[in-house]
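Welcome, and please open your viewer for a short walk through this model. Have the selection tool ready, and we will go from stop to stop together.

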Amino acid sequence: MISRNLLAFAVAIALPAVAGAVTIDFAALPDGTAVTSQYPGVVFSLQGGTFSAGDPVVAYGGLSNTASGNYPTANFLNASFTAPASGVSFTFENYGTIGASAYFAYDSSNVLLTSGYLGDVADFSLVTVNASNIALLQISNGTNGNSDWQFAVGQLNFNGAVPEAATWAMLIAGFGLVGATMRRRRAIAAAA
């Protein structure tokens, strides 16, 4: 029984770190669906602007920068990753006419890793974020307080955390301990 417990412990330690590729398809959700933290690995929130308090909702075919599905809007839609993410991409629709939308990717120390202009992105085109170890992806309507239009993210893709060397070492050591325990039990059983 001890070997099963050790095996379960070793696997439990390693599995949360290996999140792999994640795709969230907001377009598949009905309009009005509130979205915050129901997806493993990422929490969504609104920031700034003049909007009614509430969670970001699915509106206009994707996750929008509005709390109600209607005007007014928030300045930022934030996707905070629970572990550093890489391979981040998203589909984007800019419904505004000002054309100042942008994205910003930050690491866990709030250092800007990369940013990009989204003003000319339409029809849920794919946008690739060229950075890794992303802790926060922030999408802005670019109006600097004049929150007067919506945008929508149709799909978000990212790769979750990859295990660090220490995690792999712990997993291998755990499997080695399990193997040693099983060999010892077999030797004791054979001698008896």
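Let's begin with the rings: select the Phe, Tyr and Trp residues, and look for six aromatic pairs. Keep in mind as you click that this is a predicted model.

**First stop: F26 and Y39.** Select these two residues and view their rings, which pair edge-to-face. The centres are 6.1 Å apart, and the planes stand at 85° to one another. Where do F26 and Y39 sit along the chain? Both belong to the loop between β1 (21-25) and β2, with 13 residues from one to the other.

**Second stop: F26 and F44.** Keep F26 selected and add F44. Here is another edge-to-face pair, with 5.4 Å from centre to centre and 85° between the planes. This pair connects the loop between β1 and β2, where F26 lies, to strand β2, which holds F44, 18 residues away.

Is F26 buried or exposed? Its relative accessible area is 1%, so F26 counts as buried. F44 has 4% relative accessibility, and therefore it is buried as well.

**Third stop: the surroundings of F26.** Now show what F26 touches, leaving out neighbours within four places in sequence. Its contacts include V35, Y39, F44 and V58, then G62 and L63, and also V153, G154, Q155 and L156.

**Fourth stop: the largest nonpolar core.** Which residues have the most contacts inside this core? Select F26, F44, F90, L137 and L156, which hold that place in a core of 32 residues. Next, colour the elements that each give two or more residues to the core: β2 (42-47), β5 (76-94), β6 (102-106), β9 (134-140) and β10 (151-159). Of these, β5 gives the most, with seven residues. As background, nonpolar side chains in soluble globular proteins tend to be buried together.

**Fifth stop: a ring cluster.** Select F90, F92, Y103 and F151, and you will find a cluster linked by ring pairs. F90 is one you have met already, among the core residues with the most contacts.

**Last stop: the whole chain.** Zoom out and switch to a cartoon view. How many helices and strands are there? The protein has two helices and ten strands. Along the sequence, they run α-β-β-β-β-β-β-β-β-β-β-α. Of the 192 residues, 41% are buried. Among contacts with a separation of 6 or more, 72% are between residues 24 or more positions apart. Finally, turn on the surface: the accessible area is about 9900 Å², and carbon and sulfur atoms account for 58% of that.

Technical notes: Residues are numbered from 1 along each chain as its sequence is written. This is a predicted model: local features need pLDDT of at least 70, side-chain atom pairs count only at pLDDT 80 or more; totals for chains, interfaces and linings use all residues. Side-chain values use heavy atoms; hydrogens and water are left out. Helices (H or I, at least four residues) and strands (E, at least two) are DSSP runs, numbered from the N terminus. Buried means under 20% relative accessible area, exposed over 50%, partly exposed in between (1.4 Å probe, protein chains only). Contact means heavy atoms within 4.5 Å. Accessible areas come from the Shrake-Rupley method with a 1.4 Å probe; for residues, only the protein chains shown count as cover. A nonpolar core is a set of buried Ala, Val, Leu, Ile, Met, Phe, Trp, Tyr and Cys residues joined through side-chain atoms within 4.5 Å. Rings of Phe, Tyr and Trp (its six-membered ring) pair if their centres lie within 6.5 Å; planes under 30 degrees apart count as stacked, over 60 as edge-to-face and the rest as tilted.
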